[in-house]
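User: Could you take a close look at the metal sites in this model for me? I would like to see how they are built and what lies around them.

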Amino acid sequence: MIYTGRCACGAVSLEISAKPAMTRQCWCRQCQTIAAGGPTNNAMFPAEAVQVTGDLGTATWAAASGNTLTFHFCTGCGTQVYAQSSARMHMKTVRMGVIDQPHDLAPQTVIWTDEAPAWAVFDPELARYPGQPPIPAPVPQG
Ligand SMILES: [Zn+2]
Ligand SMILES: [Zn+2]
């Protein structure tokens, strides 16, 4: 396994067998709501590379991007584990908080900066988008 992970209570665990296609930090209003006022930090993996053990609940809503997002969370502690977008069902967007440390992941881009609070600080090294970034190229299929 390249990465392993767990939720806050330990009832859900993850095994991830690939490197992420991309990593992003998102400051959209919905992410701030689920992330205690800060951004979410996310790593997008090929869906089949992410194996989850344990009970997951789901919630589905329309994202700021206009896509439908389904959130998967631990039914015991509520930790956000991963999300899937209707635009990219071949990917799982794993919340970086559940990935075991130490790991080599860090956000590569910052998105939805227009919705960030005035106190937000962005890494000047990273590409920044005021809203949804351009759709990434599809992952080549074997
Ligand atoms: Zn849990
Ligand atoms: Zn967001």
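Analyst: Happy to. A definition helps before we start: donors here are N, O and S atoms within 2.8 Å of the metal, and water is not among the atoms, so sites may look incomplete. Please also keep in mind that this is a predicted model.

With that cut-off in hand, let's begin with the zinc ion (ligand 2). Its coordinating atoms are the SG atoms of C26, C28 and C31, at 2.1 to 2.3 Å. Along the chain, the donors of this zinc ion (ligand 2) are spaced as C-x1-C-x2-C. Two of these cysteines can be placed by their accessibility. C28 is buried because its relative accessible area is 6%, and C31, at 8% relative accessibility, counts as buried too; the limit for that word is under 20%.

Now for the zinc ion (ligand 1). Here the SG atoms of C7, C9, C74 and C77 coordinate the metal, at 2.3 to 2.4 Å. The donors of the zinc ion (ligand 1) follow the pattern C-x1-C-x64-C-x2-C along the chain. What about the geometry? The four donor atoms around the zinc ion (ligand 1) subtend angles of 106 to 113 degrees, so the arrangement is tetrahedral; the test asks that all angles lie between 85 and 135 degrees.

Accessibility adds some detail to this site. C7 has 2% relative accessibility and therefore counts as buried. C9, by contrast, comes out at 43% relative accessibility, so it counts as partly exposed.

Since you work with cysteines and sulfur atoms at these sites, you may also want the disulfide count: it comes to zero, where the rule calls for a pair of cysteine sulfur atoms within 2.5 Å.

Finally, a few words on the strands. β1 covers residues 3–6 and is an edge strand. It belongs to an open sheet of three strands, ordered β1-β2-β5, with antiparallel pairing. The other edge strand is β5 (50–53), and each of the two edge strands pairs on one side only. From one strand to the next, the twist averages 15 degrees. β1 and β2 (residues 13–16) run antiparallel and are joined by four bridges. In one of these pairings, Y3 has I16 in β2 as its bridge partner. As a general point, strands of a sheet pair through backbone hydrogen bonds, either parallel or antiparallel.

Conventions:
Residues are numbered from 1 along each chain as its sequence is written. Chains are lettered from A and ligands numbered from 1 in the order in which they are written. This is a predicted model: local features need pLDDT of at least 70, side-chain atom pairs count only at pLDDT 80 or more; totals for chains, interfaces and linings use all residues. Side-chain values use heavy atoms; hydrogens and water are left out. Donors are N, O and S atoms within 2.8 Å of the metal (3.2 Å for Na, K and Ca); water is not among the atoms, so sites may look incomplete. Four donors count as tetrahedral if all angles lie between 85 and 135 degrees; four count as square planar and six as octahedral if opposite donors are over 155 degrees apart and all others between 65 and 115; anything else is irregular. Buried means under 20% relative accessible area, exposed over 50%, partly exposed in between (1.4 Å probe, protein chains only). Two strands pair if DSSP finds at least two bridges between them. Axes are lines fitted to C-alpha atoms, for helices over the stretch in contact, and angles run from 0 to 180 degrees between N-to-C directions.
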